[in-house]
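Trainee: Could you take me through one part of this model in detail? I would like to look closely at a place where two helices meet, and then see what surrounds it.

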Amino acid sequence: MSVLVNKDSKIIVQGFTGSEGTFHAGQMIEYGTNVVGGVTPGKGGQEHLGKPVFNTVAEAVEKVGADTSIIFVPPAFAADAIMEAADSGIKVIITITEGIPVADMVKVYDYIKKRDCTLIGPNCPGVITPEEAKVGIMPGFVFKKGNVGIVSKSGTLTYEAADQVVRQGLGITTAIGIGGDPIIGTTTKEAIKLLIEDPETTCVVMIGEIGGQLEPDAARWYRESGSSKPIVGFIAGETAPAGRTMGHAGAIVGGSDDTAQAKKRIMRECGIHVVDSPAEIGQKVKEVLA
């Protein structure tokens, strides 16, 4: 199985004909992802990369049955694009755009709560179910199919973790890059829950960063869930000066649980297998699955 995206997902690209949309849609199609079209207002009726272009998301849902969207719309218009997708019946909305104003995301967050959809991102690398669907900007060749799920705030560390797992002869069910902005659609806890509940995922890798409460919240949920499915955790930014966040627009550092040391302590207390460097992830996964 997988979570969020698979070979049957019908994917559209919002911002399809722009430079970013064109490049990454091309990579997704080459990977074998089921891209059924794209949306660029004013260019409906054209064809791009061998796929139909629509003026609206609603039209794409009606004409090609789209159920998943990836958004490459510029920051000033990205919030509207997310809300349009949610309003049109898209179930999984993956937003790559970086730099969406926080005030815009406050409106989006409130808007999508009332609708039956899942938002991943913004400012994220996307979601990949290896050998089925790459809905994002990650290098597909790194990911091999298997039984390990990945949840990460960091794009680069998502790829690093996948590589470490694959080097141990294992593979990935689904990797979810949730993004590092202050307001994101799907939290670490929510993404972890999806993978814990997936019957084919036998272990989860959780990669966090200094700042915010997402990882402690996820760790406490995991302990309360009583799940015996192991989680391997890593927190980036341990050597950052006090008060710093990571390179994302990132959550504010300031609470008692948001330093790397505090997060690692809480994760260990909640039964998570914590490693001190990304290079240890694959070996630790192999150990806990042995």
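Mentor: Start with the residues that touch: Ala161, Gln164 and Val165 on the α5 side meet Ile281, Gly282 and Val285 on the α9 side. Sorted by class, this contact of α5 with α9 has four nonpolar residues, two polar ones and no charged ones. Keep in mind that we are looking at a predicted model.

Now for the geometry. Two packed helices are described by the angle between their axes and the distance between the axes. Helix α5 runs over residues 155–167 and helix α9 over residues 281–289; they pack at an angle of about 50°, and their axes are 7 Å apart. Angles under 35 degrees count as roughly parallel and those from 65 to 115 as roughly perpendicular, so α5 is oblique to α9. The crossing in which α5 passes α9 is right-handed.

Stay with α5 a little longer, since Tyr159 is found in this helix. UniProt, in an unreviewed entry, places a "binding site" feature at Tyr159. Leaving out residues up to four places away in sequence, Tyr159 touches Pro125, Ile137, Met138, Pro139, Val142 and Phe143.

One of those partners, Pro125, leads us to a nearby stretch of sequence, the loop between β7 (118–120) and β8 (126–129), where Pro122 is found. Have a look at the backbone there: the peptide bond from Gly121 to Pro122 is cis, with omega near 10°. Most residues other than glycine have a negative phi, and most peptide bonds are trans. Leu4 is a residue to check for the phi part of that statement: its phi is near 70°, a positive value in a residue other than glycine. You will find Leu4 in the segment before β1 (11–14).

A second helix pair is worth setting beside the one we began with. Helix α7 (residues 214–225) and helix α8 (residues 260–269) have axes that come within 9 Å and cross at roughly 10°. That angle makes α7 roughly parallel to α8. From α7, the contact is made by Glu215, Pro216, Ala219, Arg220 and Arg223, and from α8 by Lys263, Ile266, Met267 and Glu269. By class, the α7 contact with α8 has four nonpolar and five charged residues, with no polar ones.

The record also marks positions elsewhere in the chain. An unreviewed UniProt entry gives a "binding site" annotation to Thr17, Gly18, Ser19, Glu20, Lys43, Ile96, Thr97 and Glu98. These positions span 82 residues in sequence, and their farthest two C-alpha atoms are 23.9 Å apart, so they do not all gather at one spot. Among them, Ser19 lies in helix α1 (residues 19–31). The unreviewed entry also has the annotation "domain: CoA-binding", covering residues 4–100. Over residues 4–100, the chain is 35% helix and 24% strand, with the end C-alpha atoms 23 Å apart.

Finally, step back to the whole chain. The protein chain has nine helices and 14 strands. Its C-alpha atoms fill a box of roughly 55 × 40 × 30 Å along the principal axes. A compact globule with 290 residues would have a radius of gyration near 19 Å, and the 18 Å of this protein chain agrees with that.

Definitions and conventions: Residues are numbered from 1 along each chain as its sequence is written. This is a predicted model: local features need pLDDT of at least 70, side-chain atom pairs count only at pLDDT 80 or more; totals for chains, interfaces and linings use all residues. Side-chain values use heavy atoms; hydrogens and water are left out. Axes are lines fitted to C-alpha atoms, for helices over the stretch in contact, and angles run from 0 to 180 degrees between N-to-C directions. Helices (H or I, at least four residues) and strands (E, at least two) are DSSP runs, numbered from the N terminus. Angles under 35 degrees count as roughly parallel, over 145 as roughly antiparallel, 65 to 115 as roughly perpendicular and the rest as oblique. A crossing is left-handed if the near helix is turned anticlockwise from the far one by less than a right angle, and right-handed if clockwise. Contact means heavy atoms within 4.5 Å. Ala, Val, Leu, Ile, Met, Phe, Trp, Tyr, Cys and Pro count as nonpolar, Asp, Glu, Lys and Arg as charged, and the others, Gly among them, as polar. UniProt positions are given in the numbering used here, feature names are shortened, and annotations may be inferred rather than shown by experiment. The radius of gyration is taken over C-alpha atoms; the globule rule is 2.2 Å times the number of residues to the power 0.38.
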